[in-house]
Amino acid sequence: MSIAYDKRVTAARSDLAAVHLKGKIEAARFVEGRALQAARPVIDLRDGPSDDAGLDTQILFGESFTVYEEKNGWLWGQCALDSYVGYARADAFVEFAAPTHRVVARSTTLLSAPEVKKPSRGWLPLNAKLTITETQDRYARLSNGLYVFEGHVAPLSSHAPDWLAVAERLEGVPYLWGGKTATGIDCSGLVQTALEAGGISSPRDTDMMEKGLGVSLPLDAPLKRGDLVFWQRHVGAMLDGARLIHANAHFMQVTIEPLAKARARIESAEGLAVRTIKRL
């Protein structure tokens, strides 16, 4: 007998499912997964095997992705970070190698050699995971032979002391549904990204956060830095007792504004009142 499950975070389809789900859900076939590693700065995870399919979230460089199917140039699998399931381009991954460091800057440049005037080979976002083999004259050499500025990375075990300060560094970043980087981010992506930088695990979507993070406060409770404010399909974080930071489609960017102003606008435009406040 199948149990009810959330398809966003359960590696199961009617024709195929992860072997650890056998006996819990119904599927025509069960398979073992294979862990691969993101080899591009940012990889889109989509809700179907097409570049036109909806963007659910993004996989960052160095993150692990468990693959259950490869077909027509697409992988179907599950993110290790938050268990999100979806489709990603097969040529964007390599065999997994355990990372040692993470990017702690808003983004960092990939260089072909340990010298600032050498050609760039792209960039890496905040929270990208790196396997560093050595450091040389202020630069860290990655396992793929490229270099990043040593001051932009830190060991995986180290975390930002104030995750809200990380969120504040993303003020002005354009809004992108499903985005998780300084080139585009959505409301839950902003919160998840900042929490991860601070060493706090978080689910990906707003409703998952509302259910799984922190403890509920009365809607009229005095607020403080770090409290999460939830509307239906939207979330923001308090910077103090009055100001909210959130990625939003009204301004199409990450914005800091008074919570009272945001509440009034959202209720007036969308008919949605704040429904939950959580304290971590």
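**The largest pocket**

In this predicted model, the lining of the largest pocket is made up of 14 nonpolar, 10 polar and 14 charged residues. The volume of the largest pocket is about 850 Å³. To find its centre, select R8, Y84, W177, D205 and R233, which are the closest to that centre of the 38 lining residues. Next, colour the elements that each give two or more residues to the lining: β8 (85-89), α2 (187-197), α3 (206-212), β23 (243-248) and α4 (259-270). Which element gives the largest share of the lining of the largest pocket? It is α4, with four residues.

**Helix α4**

Select α4 and place a distance between its end C-alpha atoms. The helix has 12 residues, which at 1.5 Å a residue should span 16 Å, and the end C-alpha atoms are 16 Å apart, in agreement with that expectation.

Now show the side chains of L259, A262, R265 and I266, the buried residues of α4. Because these residues cover an arc of only 135° around the axis, they lie on the same side of α4. Turn the view to the other side of α4, where A260 and S268 are exposed. What covers the buried residues of α4? The cover includes the strands β21 (228-231), β22 (234-238), β23 and β24 (253-258). Of these, β23 has already appeared as a contributor of two or more residues to the lining of the largest pocket. Finally, select G271, just after α4, which takes a positive phi of about 70°.

**Helix α2**

Move to α2, another element that gives two or more residues to the lining of the largest pocket. How many of the residues of α2 are buried? The count is 11 of the 11, so the helix is largely enclosed by the rest of the structure. Display them as C187, S188, G189, L190, V191, Q192, T193, A194, L195, E196 and A197. Just after α2, select G199, which takes a positive phi of about 80°.

Within helix α2, stop at S188. The relative accessible area of S188 is 4%; S188 counts as buried because that value is under the 20% cut-off. Which residues are in contact with S188, leaving aside its neighbours within four places in sequence? They are R204, D205, T206, M209 and V235. Among them, D205 was also one of the residues closest to the centre of the largest pocket.

**Residue Y5**

Select Y5, in the segment before β1 (17-18). Y5 has a relative accessible area of 36% and is therefore partly exposed. Leaving aside its neighbours within four places in sequence, Y5 is in contact with T10, A12 and I25. Then add E32 to the selection: Y5 and E32 are 27 residues apart along the chain, and their C-alpha atoms are separated by 19 Å.

**The second largest pocket**

The last stop is the second largest pocket, which holds about 200 Å³ of space. Select Q37, F61, V94, S143 and N144, the closest to its centre of the 14 residues that line it. Which elements give two or more residues to the lining of this pocket? They are β3 (34-38), β9 (93-95) and β13 (129-130). To finish, colour the lining of the second largest pocket by class: seven residues are nonpolar, five polar and two charged.

Definitions and conventions. Residues are numbered from 1 along each chain as its sequence is written. Side-chain values use heavy atoms; hydrogens and water are left out. On a 1 Å grid over the protein atoms alone, a cavity is a set of points where a 1.4 Å probe fits but cannot get out, and a pocket is an open set with protein on both sides within 12 Å along at least five of seven lines; lining residues have an atom within 4 Å of a point. Grid points are joined across faces, edges and corners, and a volume is the space filled by probe spheres set on the points. Ala, Val, Leu, Ile, Met, Phe, Trp, Tyr, Cys and Pro count as nonpolar, Asp, Glu, Lys and Arg as charged, and the others, Gly among them, as polar. The expected span of a helix is 1.5 Å times one less than its number of residues. Buried means under 20% relative accessible area, exposed over 50%, partly exposed in between (1.4 Å probe, protein chains only). The arc is that of the directions from the helix axis to the C-beta atoms. Contact means heavy atoms within 4.5 Å.
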